[in-house]
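Subject: Structure for you to look at

Hello,

Here is the structure I promised to pass on. Please open it first, then read my notes below.

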Amino acid sequence: MAELNTGDGGGKKGSGKVRSKKSNAKVDLTAMVDLAFLLITFFMLTTSLSKPQSMDLGLPDKNEKVNLNIKVDQVRTMTIILGENNKIKWFHGLLEAPEANGKPTDATYGKEGVRKEILKRVKSIPLATGDPKKGMIVIIKPTKKSTYKNLVDILDEMAIANVPTYAIVNEITPEEMKLVDEMSK
């Protein structure tokens, strides 16, 4: 049993006056301890922990057949290839015939890197097509040597730049592999 003892046992010794002996005041703290544990238990059970935030990805069903020969307007397309050691190579349009100022270029992650190019093209592509509904399409191609962090970083760039349509493609053409080999040098 928890208790709290307070006070002293009586008057001064040797004063000559006879006084009645006062008993110590005792406070029983058992109920207070029980209440504290009940409150702790209540708040532990009713508190919801913060849920991790994640980005929604639209993935096809496993059994669904996917048409791999989808034709995309090259004016609207930007391809980003993720290489090893946090390196990026991007081009606008087709690799064989890139758009103006869209030749294969090395870039870095962040505000002054690939994001700057993405933001510039997000604004210019609807003006070039003449239709605000036809925005930019980004094809993200991670190589086997790129890291998961690189993919997450480029997906964050898509969210920051408000890219309307993007896809993760794991097939890299032999010409694109040459670009990847140049990146690793």
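Start with I118. Leaving aside neighbours within four places in sequence, I118 is in contact with M78, I80, M136, E157, M158, A161 and V163. Keep in mind that this is a predicted model.

**The cores**

Which residues touch the most other members of the largest nonpolar core? They are I80, I118 and I154, in a core of 19 residues. The elements that give two or more residues to this core are β3, β4, α2, β6 and α3. Another core lies apart from it. That one has six residues, including F91, L179, V180 and M183. A general point helps here. In soluble globular proteins, nonpolar side chains tend to be buried together.

**The overall layout**

The protein chain has four helices and seven strands. From the N terminus, the order is β-β-α-β-β-β-α-β-α-β-α. The protein chain has 185 residues, and 26% of them count as buried. Now take contacts between residues at least 6 apart in sequence: 61% of these join residues at least 24 apart. The chain exposes about 14,200 Å², and carbon and sulfur atoms supply 56% of that.

**Helix α3**

Next, find helix α3, residues 148-160. Its 13 residues, at 1.5 Å a residue, should span 18 Å. The end C-alpha atoms are 18 Å apart, so the expected span and the model agree.

Which residues of α3 are buried? They are N150, L151, I154, L155, E157 and M158. These residues cover an arc of only 150° around the axis, so they sit on the same side of α3. The general rule is worth learning: an α-helix has 3.6 residues a turn, so residues three or four places apart point the same way. On the other side of α3, Y148 and K149 are exposed.

What covers the buried residues of α3? The cover includes β3 (77-82), β4 (88-92), α2, β6 (137-142) and β7 (165-168). Just after α3, look at N162, which takes a positive phi of about 55°.

**Two charged residues to check**

E157 is in helix α3. Is E157 buried or exposed? Its relative accessible area is 5%, and buried means under 20%, so E157 is buried. Not counting residues up to four places away in sequence, E157 touches Y109, G110, V114, R115 and I118. You met that last contact above, in the list for I118.

R121 is in helix α2, residues 114-129. R121 also has a relative accessible area of 5%, so by the under 20% cut-off it is buried. Its contacts are M78, W90, H92, A100, N101, G102, P126 and M136, again without residues up to four places away in sequence. Take G102 from that list. R121 and G102 are 19 residues apart in sequence, and their C-alpha atoms are 10.0 Å apart in space.

**The aromatic pair**

The structure holds one aromatic pair. F42 and F43 form it, and the pair is edge-to-face. The rings are 5.2 Å apart, centre to centre, with 75° between the planes. F42 is at 46% relative accessibility, so F42 counts as partly exposed. F43 is at 49%, so F43 counts as partly exposed too.

Best wishes

Methods: Residues numbered from 1 in each chain as written. Predicted model: local features only at pLDDT ≥ 70, side-chain atom pairs only at ≥ 80, totals over all residues. Heavy atoms only, no water. Buried < 20%, exposed > 50% of the residue type's maximum accessible area, 1.4 Å probe, protein only. Contact = heavy atoms within 4.5 Å. Expected span 1.5 Å × (residues − 1). Arc of directions from axis to C-beta. Phe/Tyr/Trp six-rings, centres within 6.5 Å; stacked < 30°, edge-to-face > 60°. Areas by Shrake-Rupley, 256 points an atom, 1.4 Å probe, with all protein chains shown as cover. Core = buried A, V, L, I, M, F, W, Y, C linked by side-chain atoms within 4.5 Å.
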